[in-house]
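Colleague: I would like to learn how to read a model of this kind feature by feature. Could we take the general idea each time and then the case at hand?

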Amino acid sequence: MCKVACGSALRPEIRPAKKEDLTGLLALEEICFKEETFKKEQLTYLLLKAKSLVFVATVDNILICSIIVLLRRNIAAARIYSLNVHPGYRRKGLAGSLMDTSEKSLKEMGFKKVTLEVGVHNHAAQDLYSSKGFSVDKILKKYYENMGDALHMTKKL
Ligand SMILES: CC(C)(COP(=O)(O)OP(=O)(O)OC[C@H]1O[C@@H](n2cnc3c(N)ncnc32)[C@H](O)[C@@H]1OP(=O)(O)O)[C@@H](O)C(=O)NCCC(=O)NCCS
């Protein structure tokens, strides 16, 4: 059930990202991650040039949540590449809502599977992904620039 739409005072707008969202996406990235943040050029590429789905949630036109999903050309598996929620708006169902919105679009496009990577110590995100039906299929050793390991998770659509 979507907590955001059902009873919460928070009434975010969830919509596909536009090129005007670049500044908001960058600001959110910098708030959410201390290292390995996307730079402006990378986000510009992901938003405007890559084969991707990008959804955002806004409140009063302030961007508070984003998801970037990469779409591969020849295989029917998409990859959740980035998911960020502003610290002031967490545990309100926002990340779950953006995942649901993305999955609906992916299913409509014919995708059969979604994959993602999550840090072994990022228990908040792991709990979120488990609650959404993802399961771990392998460990990626030294996956991050800081040499941290990641879990590779998948979900059939
Ligand atoms: C991980 C993150 C995206 C979750 O966003 P969120 O909007 O707070 O998540 P939701 O409210 O949709 O949470 C849904 C469920 O996920 C789990 N969950 C989310 N945050 C959690 C936490 N801090 N601790 C434990 N479980 C958590 C819970 O099962 C939760 O359901 P509940 O609130 O009914 O218990 C957010 O904390 C974030 O942006 N973190 C920093 C960036 C990041 O780590 N991104 C993921 C990279 S792989």
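Colleague: Where is the place of Arg91?

Modeller: Before the answer, a word on the source: this is a predicted model, in which local features need pLDDT of at least 70 and side-chain atom pairs count only at pLDDT 80 or more, while totals for chains, interfaces and linings use all residues. Residues are numbered from 1 along each chain as its sequence is written. Helices (H or I, at least four residues) and strands (E, at least two) are DSSP runs, numbered from the N terminus. With those terms, Arg91 sits in the loop between E4 and H3, and its phi is positive, about 60°, although Arg91 is not a glycine.

Colleague: Is Arg91 buried or exposed?

Modeller: The general idea is a count of neighbours: a residue is buried if 20 or more other C-beta atoms lie within 10 Å of its own, exposed if 12 or fewer, and partly exposed in between, with C-beta atoms placed from the backbone. Arg91 has 10 other C-beta atoms within 10 Å, so it is exposed. Asp60 can be read in the same manner: with 8 C-beta neighbours inside 10 Å, it counts as exposed, and its phi, near 50°, is again a positive value in a residue other than glycine.

Colleague: Which strands form a hairpin with Asp60 in the turn?

Modeller: For pairing, the rule is that two strands pair if DSSP finds at least two bridges between them. E2 and E3 form the hairpin, with two residues between them. Strand E2 (residues 52-59) runs antiparallel to E3, and eight bridges join them; within this pair, Val56 stands opposite Ser66 of E3. E3 also pairs with strand E4 (residues 77-85), again in the antiparallel sense, over seven bridges, and there Leu70 has Arg79 of E4 as its bridge partner.

Colleague: How many of the residues of strand E3 are buried, and how many of those of strand E6?

Modeller: Strand E3 (residues 62-71) is mostly covered, with seven of its ten residues buried. In strand E6 (residues 135-140), the number buried is zero out of six residues, so E6 lies largely in the open. E6 is nevertheless paired, since five bridges join it to strand E7 (residues 150-156) in an antiparallel arrangement, and Leu140 has Ala150 of E7 as its bridge partner.

Colleague: Which residues have the most contacts inside the largest nonpolar core?

Modeller: In soluble globular proteins, nonpolar side chains tend to be buried together. A nonpolar core is defined here as a set of buried Ala, Val, Leu, Ile, Met, Phe, Trp, Tyr and Cys residues joined through C-beta atoms within 7 Å. The largest such core has 33 residues, and those with the most contacts inside it are Phe55, Cys65, Ile67, Leu94, Ala95, Leu98 and Leu116. E3 gives the most to this core, with six residues.

Colleague: With which residues is Ile67 in contact, leaving aside its neighbours within four places in sequence?

Modeller: Two residues are in contact if their C-beta atoms, placed from the backbone, lie within 7 Å. By that rule, and with those neighbours left aside, Ile67 is in contact with Phe55, Ile80, Ser82, Leu83, Leu98, Met99 and Ser102. Val114, found in strand E5, has 24 C-beta neighbours inside 10 Å and therefore counts as buried; its C-alpha lies 5.3 Å from that of Lys155, although the two are 41 residues apart in sequence.

Colleague: How many residues surround the ligand, and which are the closest?

Modeller: A residue is near a molecule if its C-beta atom, placed from the backbone, lies within 6 Å of it. In this model 18 residues surround the ligand, the closest being Arg90, Ala95, Gly96, Ala124 and Leu128. E4, helix H3 (94-109) and helix H4 (123-131) each supply at least two residues of this shell, and H4 gives the most, with five residues.

Colleague: What does the secondary structure of the protein chain come to?

Modeller: The protein chain has four helices and seven strands, and read along the sequence it follows the pattern β-α-α-β-β-β-α-β-α-β-β. Buried residues make up 26% of its 157 residues, and the C-alpha trace spans about 40 × 30 × 30 Å along its principal axes.
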